[in-house]
Amino acid sequence: MKKTTPAYKFLFVSLLLLLFSGCQTRRGEGVLSPRVMERVLYDYHMAQSMAMALPRDRRYERELFYQYVFDKNHITKEEFETSIRWYTRYPKDFHQIYVNVRAKAESERKKAASVLEKINKVSFSVFSGDSVDLWYLPHTQIFASNPYSQTMRFAIQHDTTFYSGDSLYWNMNPLFISVNDSIRTAQSAYLSLNINYRDSITAFDTLVTLNDSLSFPFVLSKKQIFKNIEGAIHYIPSEYNDCSFLLMDDITLIRKHN
């Protein structure tokens with residue numbers, strides 16, 4: 001059998017390296033690496049969701065959110081835009097970057113949900129009295145289309161200050177806001193509240209579409225053993241206008257002894 005000479009080996013290896021390198025996507029000058037691009041895009045979309053929640057008279061501050069992302073990652077706006085244009089020409093690479101961005105976002109969402117769940121499950125004790133506001137979260141909430149700011153959940157555990165037959169009043173003032181008034185909007189909010197007893201549940205849900213003061217009354221059963229209250233506000237943004245959000249103000253949950 002004829003032996004392969006070193007020259008042939010060198011030529012063979014060179015051809016393999018040339019073929020392999022030709023299969024790789026070469027980044028243009030000034031284009032961010034995939035790993036850096038993932039980090040920047042994650043920060044950018046987080047900043048975008050916060051910027052979109054700004055009131056109309058503070059829209060000029062949005063650029064400050066984006067500039068913070070560039071400064072944090074030590075890049076310029078021009079580098080970011082150049083990278084975006086370059087990656088759009090390579091959809092497979094861009095798709096993989098967003099797969100990783102979504103994975104990180106989902107991981108952070110689960111961490112935040114875990115922390116909130118621990119907070120909400122803590123038994124909420126209130127001062128005794130005939131009329132008490134049980135609401136322990138901020139009384140003003142801003143909801144946007146971003147998954148992190150689209151839903152708010154709460155839970156209040158039973159304690160000795162609850163009496164059978166107590167009345168509850170869930171109050172709030174919704175304000176649907178659209179930054180771009182020229183685009184048709186169709187915003188709404190889905191509200192739900194469950195009063196959980198040992199053997200049953202009293203469930204309430206409704207869809208809110210108008211700016212109006214709301215008050216929803218409930219009465220705790222005198223015959224069943226009360227366990228806890230769970231509820232949520234879920235914002236359903238306009239599919240026609242990304243620059244829309246919901247301001248829910250003066251949220252209270254008043255408990256009155258009868």
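Throughout this tour, a residue is called buried when its relative accessible area is under 20%, exposed when that area is over 50%, and partly exposed in between, with a 1.4 Å probe and protein chains only. The structure is a predicted model, in which local features need pLDDT of at least 70 and side-chain atom pairs count only at pLDDT 80 or more, while totals for chains, interfaces and linings use all residues. Residues are numbered from 1 along each chain as its sequence is written, and side-chain values use heavy atoms, with hydrogens and water left out.

**The whole chain**

Begin with a cartoon view of the protein chain, which has five helices and nine strands; helices (H or I, at least four residues) and strands (E, at least two) are DSSP runs, numbered from the N terminus. Read from the N terminus on, the elements run α-α-α-α-α-β-β-β-β-β-β-β-β-β. Of the 258 residues of this chain, 38% count as buried.

**Among the helices**

Select Lys 72 and Asp 43, whose side chains meet in a salt bridge at 3.2 Å, N to O; the term stands for a side-chain nitrogen of Lys or Arg within 4 Å of a carboxyl oxygen of Asp or Glu. The pair links distant parts of the chain, with Lys 72 in helix H3 (residues 62-72) and Asp 43 in helix H2 (residues 34-52), 29 residues apart. Lys 72 is partly exposed, at a relative accessible area of 43%, whereas Asp 43 is buried, at 10%.

Go next to His 74, in the loop between H3 and helix H4 (77-87). This residue has a positive phi of about 60° although it is not a glycine, and at 73% relative accessibility His 74 counts as exposed. As background, most residues other than glycine have a negative phi.

Then select Phe 94 in helix H5 (residues 91-121), which counts as buried because its relative accessibility is 15%. The C-alpha atoms of Phe 94 and Glu 38 are separated by 9.5 Å, although the two residues are 56 apart along the chain.

**The nonpolar core of the strands**

Now display Phe 154, Trp 170, Met 172, Leu 193 and Ile 233, which touch the most other members among the 32 residues of the largest nonpolar core; such a core is a set of buried Ala, Val, Leu, Ile, Met, Phe, Trp, Tyr and Cys residues joined through side-chain atoms within 4.5 Å. At least two residues of this core come from each of strand S3 (151-157), strand S4 (167-178), S5, S6, strand S7 (214-219), S8 and strand S9 (244-256). S5 gives the most to this core, with five residues.

**Aromatic rings**

Keep the rings of Phe, Tyr and Trp (its six-membered ring) in view: two of them pair if their centres lie within 6.5 Å, and planes under 30 degrees apart count as stacked, over 60 as edge-to-face and the rest as tilted. By this rule the count comes to 14 aromatic pairs. One of them joins Tyr 197 and Phe 226 in an edge-to-face arrangement, 6.4 Å centre to centre with 70° between the planes. This pair links distant parts of the chain, since Tyr 197 lies in strand S5 (residues 188-197) and Phe 226 in strand S8 (residues 226-236), 29 residues apart. Both Tyr 197 and Phe 226 are buried. For a wider view, select Trp 135, Phe 154, Trp 170, Phe 204, Phe 216 and Phe 218, which ring pairs link into a cluster.

**Charges on strand S9**

Select Arg 255 and Asp 166, whose side chains meet in a salt bridge at 4.0 Å, N to O. Arg 255 lies in strand S9 and Asp 166 in the loop between S3 and S4, so the pair ties together parts that are 89 residues apart in sequence. Arg 255 is buried, with a relative accessible area of 0%, and Asp 166 is buried as well, at 1%.Add Phe 162 to the selection: Arg 255 lies over the face of its ring, at 5.6 Å from the ring centre, where "over" requires NZ of Lys or CZ of Arg within 6 Å of the ring centre and within 35 degrees of the ring normal. Lys 256 lies over the face of Tyr 169, at 5.3 Å from the ring centre.

**Last stop: the surface**

Finally, show Leu 207 in strand S6 (residues 201-208), which counts as exposed because its relative accessibility is 51%.
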